[in-house]
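Thanks for asking me to look this over with you. Have the structure open as you read, and take the points one at a time.

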Amino acid sequence: MVGISVLRPLVRAPARGFARTYATAIPSKAHHRVVIVGGGTAGVTVAAQLQNNPEFANKDIAILDPAHTHHYQPGWTLVGSGLKGLENMHRPMFSVIPEGVKHYPLRVSTFDPANNAVKTSEGVDVSYDYLIVAPGLETNFAGVAGLEQALQDPASQVSSIYSEKTVEQVWRNVQALKKGSAIFTQPAGIIKCAGAPQKVMWMALSQWQRDGVRDNINITFATGAPAMFAVPKYSQALEELRKQRNVEGLFQHNLVKVDPKNKVATFKNLAESANGALVEKEFGFLHVVPPQKPWDWIAKSQLADAAGWVDVDKSTTQHTKYKNVFSLGDASSLPNSKTAAAITSQAPVLVENLLAVINGKQPIAAYDGYASCPLLTGHNELMLCEFKYGGVPKETFADILGGQETPNRLYYHLKKDFFPYVYWNHFLTGNWYGPSGFFKPDTIKLETPKPEAQKPDAPKPDAPMSAGIKADATKRDTSKVATTKPQTAEAGAATPNATKSDTTKPNTIKPETIQQDTTNPGTTTKQA
């Protein structure tokens, strides 16, 4: 996920002040030029890049996210492996919101794209000129029978790196196991960073070798997938590693039940010939990656495709129906690996295309599907998997260090030491572009069809309305959207801060009478 430029001297970003704790009341309705749903990696990064872009005039951005804490989930693998402490993997949400961007701690319940509005569970309606949907996905621990109960019992020896509430137990369980059966699972279907389930397995194996107990432990990798990894080049290398290190591969086996009392894990055999047969395996250690899915309020909305993801063009990130709506990250239908690294390539494309639409132009910047999985394979070694659409490798260091399917110590320290620093100091400030490092890349451009010559006798058509942009009583040229001062959905509905032009102080806006549900983690970052 990183280019040659990462080797250049780093310049620390200026510290962010505590002025962003400022809060004000929320009216029943509010309007913003750009509304971003989600304050995770995708939402914050796009907001920062928009704020940084001089072409984005009349800056007026609001982020909607009920979470009070922003998590660096790629770091949870490091916590579960005993390499980092959890205290370094989260910060208050207000501290990562870009300067000048408002934060509403609200929970979205419904989209009304025909009227350019978002409705929240707290009863607040927020309208927009342009919408960016980036709330991530749901980790569904309830999707495996008995899993939630098992995770609440430290004696169960069941753990998961996919929650800040359970990740520290992973390392405790690794240290406690001296003999027996250790099972690491990966569910069928789409998940955050498909390499993460293996990372913790390889690190546990490495730790057990260090402790001198590896020969006493039988390790099984049970995955709902048919292979070790979706990209053939890396899958082959990982399969060879699995065999060399004597790890049992249980492919197309999906975890469906956990019995913590008897320490039995039940899997459904997904192979066509198995007819859904159930397979039980005893364990002394069980690491579970829960099944994952779109948020219900996304899946049931007018923005979703048949699978429940925000339906966008895979190149432009623009919604296929509502042209003033964009999406990136885990919630989008982009058919790539869902990783933080993918956002480094998605965000510049989305920002460029959004600005094009604002200025009445066609979006032609194209995302090529780039994603990266820095896959830990043990202490002091890591396989840096980088690829684009179609499972085609797109490696940054191959010309210098050779094929990245070979684990390397340099890559290990990128994951362990460099990426966490970059995330907090440059990624979230909109100044990190993955393979391009600190330098904004030139985006790939789509070929635009030449406009057809208009027939002389045909009447000149009215300027087309962008889908999703509500028409006024008189017809409106959408090319003027960018220069039209946004109006509130209702007279007097904007907050006092919503109409200010001061972009130096972000405001975390809190309802005075709304009780927040702090049990819901809200939006966090994606696993990588």
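Here are my notes, from the whole protein down to one cavity.

1. Please keep in mind that this is a predicted model. The protein has 528 residues, and 56% of them count as buried. Its secondary structure comes to eleven helices and 24 strands.

2. Next, the surface and the contacts. The accessible surface is about 22,400 Å², with 50% of that belonging to carbon and sulfur atoms. If you take contacts between residues at least 6 apart in sequence, 71% of them join residues at least 24 apart.

3. Now find the open sheet of five strands, which runs in the order E10-E17-E11-E12-E13 with parallel pairing. Strand E10 (158-159) and strand E13 (248-251) each have a single partner strand, so they stand at the edges with one side lacking a neighbour in the sheet. As background, strands of a sheet pair through backbone hydrogen bonds, either parallel or antiparallel.

4. Zoom in on one edge. E10 pairs with strand E17 (residues 285-287) in the parallel sense, over two bridges. There, Val 158 stands opposite Leu 286 in E17.

5. How many cavities of 30 Å³ or more are there? The count is two, and the second largest has a volume of about 40 Å³.

6. Which residues line that second largest cavity? Among them are Val 144, Thr 185, Gln 186, Asn 254, Leu 255 and Pro 291. Strand E11 (180-186) and strand E14 (253-259) each supply at least two residues of this lining. By class, the lining has six nonpolar, three polar and no charged residues.

Note on methods
Residues numbered from 1 in each chain as written. Predicted model: local features only at pLDDT ≥ 70, side-chain atom pairs only at ≥ 80, totals over all residues. Heavy atoms only, no water. 1 Å grid on protein atoms, 1.4 Å probe; cavity = no way out; pocket = protein on both sides within 12 Å on 5 of 7 lines; lining within 4 Å. Points joined across faces, edges and corners; volume = space filled by probe spheres on them. Helix = DSSP H or I, 4+ residues; strand = E, 2+ residues; numbered from the N terminus. Nonpolar A, V, L, I, M, F, W, Y, C, P; charged D, E, K, R; others polar. Pairing = 2+ DSSP bridges. Buried < 20%, exposed > 50% of the residue type's maximum accessible area, 1.4 Å probe, protein only. Contact = heavy atoms within 4.5 Å. Areas by Shrake-Rupley, 256 points an atom, 1.4 Å probe, with all protein chains shown as cover.
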